Every structure is written in C-alpha cells, then in structure tokens.
Amino acid sequence: MCRACQLTNVNVAFVDLSKAFDRVNHNILFFKLMKRKFPSTVLKLLMIWYKHSIVAIRWNMSYSHTFALTAGVRQGGVLSPILFCVHIDDVVKQLELSRMGCWVGGCYLGCILYADDRILMSSSVCDLQRMVNMCVNEYSNCDMRINASKCAVLRIGPRFSKHCADICTQGLPVAYCDKIKYLGVMLRSLVKFSVDLSYMKTKFYRAFNSLIVSQV
C-alpha cells in the first residue's frame with residue numbers, strides 16, 4: 001500500500017473500456033438497481049424506456065430502417081453516467097476490499113473513476129498486475145471488455161525511469177509511457193507528480209488564433 005508516496009514509486013495504470021457506454025447489459029444493470037433498492041416505479045419506467053428504445057443510422061440525408069436497442073445507455077444522457085457507475089461499481093468495491101493499491105489517510109485511492117475513464121494506482125507492480133486481473137474478471141461478469149491497445153502505464157517517483165516487469169491485460173502487454181492525457185490534462189512520468197502545461201498552452205493559443213483570424 002502506498003502510505004508514503006514521497007519515498008516510493010507510484011505505478012499508475014490507465015484502463016480503457018471498449019465502447020463502455022454502448023456495452024452496458026440492461027439485465028445486469030436492472031438487477032443491480034434492484035439490489036440497491038431503487039424505487040420500483042422509477043425502475044419500471046427505465047425498464048420500459050430501454051425495452052422500447054429504437055435507433056436508426058443516418059448517412060448524409062439517408063436513414064436506415066429502425067432496430068431495437070438491446071444494450072448500452074444513451075451517450076450524452078444526464079442519467080447515463082450514473083447508470084454506468086452503478087453497472088461497474090462492484091469493480092471498485094472488490095478492489096477496495098482487496099486492500100491493494102494506494103491509501104492516503106485511510107482513504108482508498110487505488111482506483112479513481114470518472115465515467116468510463118479509470119486509473120489504478122499502486123506502489124507495487126505485482127499488486128498493480130493483480131488489480132488489473134481483478135478488473136478483467138469483474139468486467140467480464142458485467143459483459144464488458146478492456147481495450148488493451150488503449151491502456152497505458154505511467155510511473156511517478158524516484159525510480160520512475162527504471163525498467164520493470166510488464167503489466168499485461170488479457171494476455172497483451174500494456175505500454176509504459178512518458179506522458180498520458182487524462183481528462184484533458186497531460187500527466188508526466190517524473191520524480192514528482194507533474195502536469196505538462198505546454199500541451200494546454202498549445203491548445204489555448206490554437207483556439208485563440210482561430211478566434212482572432214475569424215474576426216479579421
């Protein structure tokens with residue numbers, strides 16, 4: 001456990017779910033809502049809503065035939081992030097119960113989640129691998145999969161540049177990176193936690209120049 005992050009390395013795994021919102025299994029979601037004693041009236045409304053949801057594909061000005069939506073929650077929906085968090089909350093609980101990962105002042109920080117963006121943190125590479133394996137197993141129970149090609153590992157601490165064992169997911173090694181973008185912020189692999197501000201400045205100046213040019 002990471003109780004003295006200043007003196008040890010912190011290994012951070014960025015875990016990407018394949019089409020996360022689109023793969024939510026409705027039956028599993030409703031069952032989990034029942035276990036949480038979700039109001040029956042609202043639950044029935046959601047079940048009817050998703051059961052009768054239909055979609056169509058638009059290509060330029062043409063539309064396909066409509067077909068039933070059998071999985072997933074609506075992208076951009078106000079309720080969708082909450083339903084998605086309920087769907088995968090068991091993964092967070094299992095990680096915390098395992099006692100693996102980083103803890104600060106009795107608060108579990110081994111897993112940080114924002115919608116479908118998840119990071120795992122541990123001072124031990126072996127524990128981080130076990131945490132990734134646990135995520136793979138728990139996600140398979142939720143009918144979801146990890147996209148190994150979009151996952152990455154970042155190391156922060158005195159030995160951030162030292163070579164260490166690969167972290168693997170679903171039999172594939174995850175790349176160690178010097179920089180990783182998380183929620184629009186570029187994080188760097190250094191002795192101390194650091195943010196690459198040049199990335200933010202470049203985006204700001206590009207947007208500013210576009211506004212100036214459009215006004216000319």
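What follows is a walk through the sheets, helices and cores of this predicted model.

The six-stranded sheet is a good place to start. Its strands line up as E8-E9-E1-E10-E12-E11, the sheet is open, and the pairing is mixed. At the edges sit strand E8, covering 111-114, and strand E11, covering 167-169, and each of these pairs on one side only. From one strand to its neighbour the turn averages 30°, with direction ignored. At the E11 end, three bridges link E11 with strand E12 (residues 172-176), and the two pair in the antiparallel sense. Within that pairing, Cys168 has Pro173 of E12 as its bridge partner.

A helix is laid over this sheet. Helix H4, made up of residues 125-141, lies across strand E1 (10-16), strand E9 (117-122), strand E10 (152-156), E11 and E12. Relative to E9, H4 runs at about 145°.

There is also a three-stranded sheet, again open, with the order E13-E14-E15 and antiparallel pairing. Strand E13 (179-182) and strand E15 (194-195) have a single partner strand each, so one side of each goes without a neighbour in the sheet. E13 and strand E14 (residues 185-188) run antiparallel and are joined by four bridges. One of the residue pairs here is Lys179 with Arg188, the latter being its bridge partner in E14.

Turning to the helices, H1 and H2 make a pair whose axes come within 11 Å and cross at roughly 175°. That crossing makes H1 roughly antiparallel to H2. On the H1 side, the contact is built from His26, Phe30, Leu33 and Met34, while H2 brings in Leu43, Leu46, Met47 and Tyr50. By residue type, the contact between H1 and H2 comes out as seven nonpolar, one polar and no charged.

Leu33 of that helix contact turns up again in the largest nonpolar core, which has 41 residues. Together with Phe84, Leu95, Leu120, Tyr139, Met144 and Ile146, Leu33 is among those that touch the most other members. At least two residues of this core come from each of E1, helix H1 (26-35), helix H2 (40-51), helix H3 (80-98) and H4. Tyr139 gives a local view: with residues up to four places away in sequence not counted, it touches Leu17, Ile88, Val91, Arg118, Met144 and Ile146. Another core, of twelve residues, lies apart from the largest one and includes Ile156, Ile180, Tyr182 and Leu187.

Two charged residues round out the picture. Glu96 belongs to helix H3 and, at a relative accessible area of 37%, is partly exposed. Beyond its neighbours within four places in sequence, Glu96 is in contact with Trp103 and Tyr108. Between the C-alpha atoms of Glu96 and Met131, the separation is 10.0 Å, with their positions 35 residues apart along the chain.

Arg206 is found in helix H5, which spans residues 197-215. With 52% relative accessibility, Arg206 counts as exposed, because the cut-off for that class is over 50%. Arg206 and Thr70 are 136 residues apart along the chain, and their C-alpha atoms are separated by 41 Å.

Notes
Residues are numbered from 1 along each chain as its sequence is written. This is a predicted model: local features need pLDDT of at least 70, side-chain atom pairs count only at pLDDT 80 or more; totals for chains, interfaces and linings use all residues. Side-chain values use heavy atoms; hydrogens and water are left out. Two strands pair if DSSP finds at least two bridges between them. Axes are lines fitted to C-alpha atoms, for helices over the stretch in contact, and angles run from 0 to 180 degrees between N-to-C directions. Contact means heavy atoms within 4.5 Å. Buried means under 20% relative accessible area, exposed over 50%, partly exposed in between (1.4 Å probe, protein chains only). A nonpolar core is a set of buried Ala, Val, Leu, Ile, Met, Phe, Trp, Tyr and Cys residues joined through side-chain atoms within 4.5 Å. Angles under 35 degrees count as roughly parallel, over 145 as roughly antiparallel, 65 to 115 as roughly perpendicular and the rest as oblique. Ala, Val, Leu, Ile, Met, Phe, Trp, Tyr, Cys and Pro count as nonpolar, Asp, Glu, Lys and Arg as charged, and the others, Gly among them, as polar.
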